[in-house]
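Hello,

Here is the structure I promised to pass on to you. Have a look at it, and then read on for what turned up.

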Amino acid sequence: SELERQSLFWAKGELATQKYGNNGKAMEYLMKAIQITLPDFDGINPLRNHLLTFDEITIINSIAVRHAEKNDLLTAIQLDMWLKEYMENKIVDGRMKTTKYPMIVYNLSCWFEDEKCYNEELKMANHGVDFCVKYGNLAAFPRLVLNKQKNICTKQLLILKQCKKMIQYNI
């Protein structure tokens, strides 16, 4: 069936990345997988007027991760922000939401850090921590807490560097 083919392409894409480190081949398989059910999806631009299945959310998140691995962080952020908003507004299935949502928020927090968007990073990490506490999802909780702590330390280091510059300037 088409859904079995989609699952097979997704698995091949993940295997290409995990076992062989072949990001290009992985993206090729992931695009084949998602275009079985979303033929208009180009791997870059969100399709905001479509309903998404759990598998489609998983595949699109994998595509976003592949973009991030190629240092195309803006596309990765755009895709996972779409998934985050979609899950907040359209997913009522608690199990489905608690499975994927924390990892999407975690990815966003990491990518915001990479882009030096520290306020967004902290906001995303706080949101993820609150979500994990509310829904009892402990799998992503430690990662989100760590991101939150890294953000606080980074901000403190930036303040210290600024102070050092000011002191040196005034001496």
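Asn71 sits in the loop that lies between α3 (54–69) and α4. This is a predicted model, so please read everything below in that light. The backbone of Asn71 caught my eye: its phi is near 65 degrees, a positive value in a residue other than glycine. Most residues other than glycine have a negative phi. Is Asn71 buried or exposed? With a relative accessible area of 67%, Asn71 is exposed, because the cut-off for that class is over 50%.

A second residue belongs in this part of the story. Lys116 is not a glycine, yet its phi is positive too, at about 60 degrees. You will find Lys116 in the loop between α5 and α6 (118–135). Its relative accessibility is 59%, so Lys116 also counts as exposed.

Now to the helices, beginning with the pair that follows the loop of Asn71. Helix α4 covers residues 73–90 and helix α5 covers residues 94–114. Their axes come within 9 Å and cross at roughly 150 degrees. How do α4 and α5 run relative to each other, roughly parallel or roughly antiparallel? They are roughly antiparallel, because their angle of roughly 150 degrees is over the cut-off of 145. The crossing of α4 and α5 is left-handed.

If you would like to look at the contact itself, the α4 side includes Leu73, Ala76, Ile77, Met81 and Leu83. Among the α5 residues they meet as a group are Met96, Tyr101, Ile104, Leu108, Trp111 and Phe112. By class, this contact of α4 with α5 has 13 nonpolar residues, one polar residue and six charged ones.

The other pair is at the start of the chain. Helix α1 (residues 2–18) packs against helix α2 (residues 23–37) at an angle of about 160 degrees, and their axes are 7 Å apart. That makes α1 and α2 roughly antiparallel to each other as well. Their crossing is left-handed.

On the α1 side, the contact includes Leu3, Phe9, Trp10, Gly13 and Ala16. The α2 side of this contact has Ala26, Tyr29, Leu30, Ala33, Ile34 and Ile36 among its members. Which classes do the residues of the contact of α1 with α2 divide into? There are 10 nonpolar, four polar and six charged residues.

I hope this helps you find your way around. Do write back if you have any questions.

Best wishes

How values were computed: Residues numbered from 1 in each chain as written. Predicted model: local features only at pLDDT ≥ 70, side-chain atom pairs only at ≥ 80, totals over all residues. Heavy atoms only, no water. Axes fitted to C-alpha atoms, helices over the stretch in contact; angles between N-to-C directions. Helix = DSSP H or I, 4+ residues; strand = E, 2+ residues; numbered from the N terminus. Parallel < 35°, antiparallel > 145°, perpendicular 65-115°, else oblique. Left-handed = near helix turned anticlockwise from the far one by under 90°. Contact = heavy atoms within 4.5 Å. Nonpolar A, V, L, I, M, F, W, Y, C, P; charged D, E, K, R; others polar. Buried < 20%, exposed > 50% of the residue type's maximum accessible area, 1.4 Å probe, protein only.
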